[in-house]
Amino acid sequence: MPNTKLIDRHNRHLNYLRVSITDRCNLQCMYCVPQDLIPRLSHAEILTYEEILHVVSIGISLGITKVRITGGEPLIRKGVYEFLSELTQIPGLLDVSMTTNGVFLKDNIENIRCAGISRINISLDTLDRKKYEKITGWDGFDQVWQGIEMAQALAFYPIKLNIVALKGVNDDELIDMARLSFAYPFHIRFIEYMPIGQSRMGNASLLLAPEIKERIRVLGNLVPIRNSKNDGPAKRYKFEGAKGEIGFIPALSQHFCEKCNRLRLTASGQLRPCLLSDHQEDIKGPLRSGRSDQELAEIFLKAVHHKPSDHNLAGHNSIRVCGEMRAIGG
Ligand code: SAM
């Protein structure tokens, strides 16, 4: 077990902080961006890099060892590479990774590598150029794919491709996406769509992991891979003879709450103990009013105390999550 002081009421040891550094994004993914225009955070509302580093350091003093940078789109925030360099040098932080839509990878891959990042997740919901534009609102498939190939050439590992599986949108490509794992050492991760915030998709597009798994079985036998201690919630598999892996994030069909080791820091400086519950603890206010590190640490402990045992997004009496993915960070 990690040596953490962040142990919740259900005896989960939290050592993983996901940090959204901006609520802004250059894409308009149909499953993420809300239908109605929601005002973006002003510059002053967003934590400065210095503030984020401070909060992360407090987290590390409490046992956080793993940080993922996300957004919005993290690579659109000015100064991000300098920030990443500082972050990766914080003593005690063993693992720093990033989730990006890949649009700016091609021109910045060396900057990312020089900043000390070698593990990235890239969102890619289709291999079809036209469909990419339909899903994201931008004709950029070729640019993103070039970025992915450059990341591979620079030996980023693992490169995880995040695919939000959507019925009627990209379910005709599940097999093609899975097949990539034969040609490349990529980790192909099928994510169940989570209907949160003011999503434009509603529940209609739900395509759950068991069905995806069944459909890609035509490619061969899926051999389970045992998760290691630091792994996330993905159920991991490999096709016999493949270079890469297949993963499923069954957030709805088989939630992994009992193993959840995560806390989130939103772009606006809120500690959020569960992606799928709107409870948050404000750390920005106390930070800006000069509270001591001990007091800030107590805010972490309070957030951890409020981590729910599990989410209630699916099934009877399901709840509505108001937070927007781009502000919380997926
Ligand atoms: N802009 C970056 C990107 O596109 O990867 C990082 C932020 S994005 C919110 C992080 C991840 O959340 C992406 O892999 C995205 O596909 C996923 N995501 C966004 N909305 C989602 C939803 N409603 N259900 C499931 N995954 C979602």
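## A residue in helix α3

K106 lies in helix α3, which spans residues 105–114. This residue belongs to a predicted model. With a relative accessible area of 25%, K106 is partly exposed, because that class covers values between 20% and 50%.

Apart from residues up to four places away in sequence, K106 touches Q143, Q146, G147 and M150. Its distance to G232 gives a sense of scale: the two residues are 126 positions apart in sequence, and their C-alpha atoms are 27 Å apart in space.

## The chain as a whole

The secondary structure of the chain consists of 10 helices and 12 strands. Along the principal axes, the C-alpha atoms fill a box of roughly 55 × 45 × 40 Å. The radius of gyration is 19 Å, and a compact globule of 330 residues would have a value near 20 Å, so the chain agrees with that expectation.

Of the 330 residues in the chain, 56% are buried. The accessible surface comes to about 14500 Å², and carbon and sulfur atoms account for 51% of this area. Among contacts with a separation of 6 or more, 74% are made by residues 24 or more positions apart.

## The nonpolar core

The largest nonpolar core holds 101 residues, and the members that touch the most others are Y31, V56, L87, F190, I216 and I246. Helix α1, residues 49–61, supplies the largest share of this core, with seven residues.

I216 illustrates how such a residue is surrounded. When residues up to four places away in sequence are not counted, I216 touches L174, I175, A178, F190, L222, F239, I246 and F248. Two of these partners, F190 and I246, are themselves listed with I216 among the members that touch the most others.

## The surroundings of the ligand

The ligand is surrounded by 18 residues, of which G72, E73, S123, N162 and M194 are the closest. Several backbone atoms lie at short listed distances from polar atoms of the ligand. For G72, a backbone N or O atom is 2.8 Å from a nitrogen atom of the ligand. For Y31, a backbone N or O atom is 3.1 Å from a ligand nitrogen atom. In the case of T100, a backbone N or O atom lies 3.3 Å from an oxygen atom of the ligand. The ligand taken alone exposes 550 Å², and the protein buries 95% of that area.

Y31 thus appears in two settings: as one of the core residues that touch the most other members, and as a residue with a backbone atom 3.1 Å from a ligand nitrogen.

## Two serines compared

S181 is found in helix α6, residues 174–183. Its relative accessible area is 0%, so S181 is buried. Beyond its neighbours within four places in sequence, S181 is in contact with F186, I188, F239, A242, K243, G244, E245 and I246.

S253 is placed in the loop between β9 (245–249) and β10 (262–265). At 32% relative accessibility, S253 counts as partly exposed, because it falls between the limits of 20% and 50%. Leaving aside neighbours within four places in sequence, S253 is in contact with E192, L208, A209 and P210. With E192 there is also a polar contact of 2.5 Å between the side chains.

## Backbone details

The peptide bond from Y157 to P158 is cis, with omega near -10 degrees. P158 is in the loop that runs between α5 (141–153) and β5 (159–165). A155 is found in the loop between α5 and β5 as well. Although A155 is a residue other than glycine, its phi is positive, near 60 degrees. A155 counts as exposed at 52% relative accessibility, because exposed residues have values over 50%. The C-alpha atoms of A155 and S253 are separated by 34 Å, and the two residues are 98 positions apart along the chain.

N11 also has a positive phi, of about 60 degrees, and it is not a glycine. This residue is in the segment before β1, residues 16–20. N11 is exposed, with a relative accessible area of 55%.

Methods:
Residues numbered from 1 in each chain as written. Predicted model: local features only at pLDDT ≥ 70, side-chain atom pairs only at ≥ 80, totals over all residues. Heavy atoms only, no water. Core = buried A, V, L, I, M, F, W, Y, C linked by side-chain atoms within 4.5 Å. Buried < 20%, exposed > 50% of the residue type's maximum accessible area, 1.4 Å probe, protein only. Helix = DSSP H or I, 4+ residues; strand = E, 2+ residues; numbered from the N terminus. Contact = heavy atoms within 4.5 Å. Near = heavy atom within 4 Å. Polar contact = N/O pair within 3.5 Å; in protein donor to acceptor, adjacent residues only side chain to side chain. Areas by Shrake-Rupley, 256 points an atom, 1.4 Å probe, with all protein chains shown as cover. Rg over C-alpha atoms; globule rule 2.2 N^0.38 Å.
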